[in-house]
Amino acid sequence: MDKINPDSPQYVYEQLASILEAKIRSGEYPPGTRLPGELAMTHHYGVGPGTVRRALAFLRDAGLVVTRPARGSFVADPLPPGK
């Protein structure tokens, strides 16, 4: 699933975080890979920048992503165990 469902009871940032987590765990975004930028994600998923930031914060808290100021967000290496 690569689309945000506005009718879902799940928060939009949680949906986006789930999409990104699935891409990370599947290897589409391997460890060390820079994630698409905030602007690219807002356009691709049709969400606001705050939603992207909140989804990235969620992934950072889970240990899946590290953010480097002025460089972007990257997939953590090594990845924490999956759910």
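## A tour of the aromatic residues

Start by selecting Tyr-11, Tyr-13 and Phe-58, which together make up one aromatic cluster. Keep in mind that you are looking at a predicted model. The structure has two aromatic pairs for you to visit.

Zoom in on Tyr-11 and Tyr-13 for a stacked pair: the ring centres are 5.9 Å apart, and the planes meet at 20°, which falls under the 30 degrees that stacking calls for. Now switch on the surface and compare the two partners. Tyr-11 comes out as exposed, with 55% relative accessibility. Tyr-13, on the other hand, is buried, because its relative accessible area of 14% is under the 20% cut-off.

Stay on Tyr-13 and add Phe-58 to the selection. How are these two rings arranged? Their planes lie at 70° and their centres 6.2 Å apart, so this pair is edge-to-face. Colour the helices next, and you'll see that the contact joins distant parts of the chain: Tyr-13 belongs to helix α1 (residues 12-26) and Phe-58 to helix α3 (residues 49-61), with the two positions 45 residues apart. As for the surface, Phe-58 is partly exposed at a relative accessible area of 38%.

For the last stop, select Arg-68 and Phe-74. Here Arg-68 sits over the face of the Phe-74 ring, 4.5 Å from the ring centre.

Definitions and conventions: Residues are numbered from 1 along each chain as its sequence is written. This is a predicted model: local features need pLDDT of at least 70, side-chain atom pairs count only at pLDDT 80 or more; totals for chains, interfaces and linings use all residues. Side-chain values use heavy atoms; hydrogens and water are left out. Rings of Phe, Tyr and Trp (its six-membered ring) pair if their centres lie within 6.5 Å; planes under 30 degrees apart count as stacked, over 60 as edge-to-face and the rest as tilted. Buried means under 20% relative accessible area, exposed over 50%, partly exposed in between (1.4 Å probe, protein chains only). Helices (H or I, at least four residues) and strands (E, at least two) are DSSP runs, numbered from the N terminus. A charge sits over a ring if NZ of Lys or CZ of Arg is within 6 Å of the ring centre and within 35 degrees of the ring normal.
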